[in-house]
Amino acid sequence: MRNGRCPKCASQRIHVSNVRLPLQGWTFFNVIPITASFWWGSSTASVQHYICVTCGYVEQYVTDADKLLEIGAHWPQVTPSET
Ligand SMILES: [Zn+2]
């Protein structure tokens, strides 16, 4: 998708969002909550959307390297399976 080609319909009409909320935390529309704590506050990561305007397929990416490290430190890792 980030190479400009839709994996579902092979269209090259891919558009990317760069919308950032002025106040993070009042909605999870385009942010992912990483940690939530009443005492220490919450941490969120902004999500960038890639959308195929031919078929409507959407991919999402966290692009902030620090946020990826934080997610890796706090979220359980999925064990790869053979199936
Ligand atoms: Zn498509």
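Which residue of β4 does His-49 stand opposite? The partner of His-49 is Gln-60 in β4. Let us use that pair as a way into the structure, keeping in mind that this is a predicted model.

Start with the overall plan. The protein chain contains 1 helix and 4 strands, and if you read along the sequence, you meet them in the pattern β-β-β-β-α. Of the 83 residues in the chain, 4% are buried. You can also ask how far along the sequence the contacts reach: among those between residues at least 6 apart, 45% join residues at least 24 apart.

How sure is the predictor about all this? The mean pLDDT of the chain is 84, and 84% of the residues reach 70 or more. Confidence is highest in helix α1, residues 65-74, at 93. The lowest value belongs to strand β2, residues 31-35, with a mean of 82.

Now find strand β3, which covers residues 43-52, and look at its pairings one by one. Strand β1, residues 14-16, pairs with β3 in the antiparallel sense over 3 bridges. Here Ile-14 stands opposite Cys-52. Strand β2 also runs antiparallel to β3, and 4 bridges join the two. In this pairing, Ile-32 stands opposite Ala-45. Finally, 5 bridges join β3 to strand β4, residues 58-62, again with the strands antiparallel. This brings us back to His-49 and Gln-60, and it adds another pair, Tyr-50 with its bridge partner Glu-59.

Between β3 and β4 the chain has to turn around. The hairpin has 5 residues between the strands, and within the hairpin Gly-56 takes a positive phi near 90°.

Let us pause at the end of β3, where Cys-52 lies. Is Cys-52 buried or exposed? Cys-52 counts as buried because it has 21 C-beta neighbours inside 10 Å, and the cut-off for buried is 20 or more. Leaving aside neighbours within four places in sequence, Cys-52 is in contact with several residues, including Lys-8, Cys-9, Ser-11, Arg-13 and Tyr-57. Its strand partner Ile-14 is on that contact list too, and so is Cys-6. Cys-6 and Cys-52 are 46 residues apart in sequence, yet their C-alpha atoms are 6.2 Å apart in space.

For a second stop, move over to Glu-59 in strand β4. Why does Glu-59 count as partly exposed? The reason is that Glu-59 has 16 C-beta neighbours inside 10 Å, a number that lies between the limits of 12 or fewer for exposed and 20 or more for buried. Not counting residues up to four places away in sequence, Glu-59 touches Met-1 and Tyr-50. Tyr-50 is a name you have already met, as the bridge partner of Glu-59 across the hairpin strands. Try one more distance in the viewer: Glu-59 and Val-47 are 12 residues apart along the chain, and their C-alpha atoms are separated by 9.8 Å.

Terms used: Residues are numbered from 1 along each chain as its sequence is written. This is a predicted model: local features need pLDDT of at least 70, side-chain atom pairs count only at pLDDT 80 or more; totals for chains, interfaces and linings use all residues. Two residues are in contact if their C-beta atoms, placed from the backbone, lie within 7 Å. Two strands pair if DSSP finds at least two bridges between them. pLDDT is the predictor's confidence in each residue, from 0 to 100.
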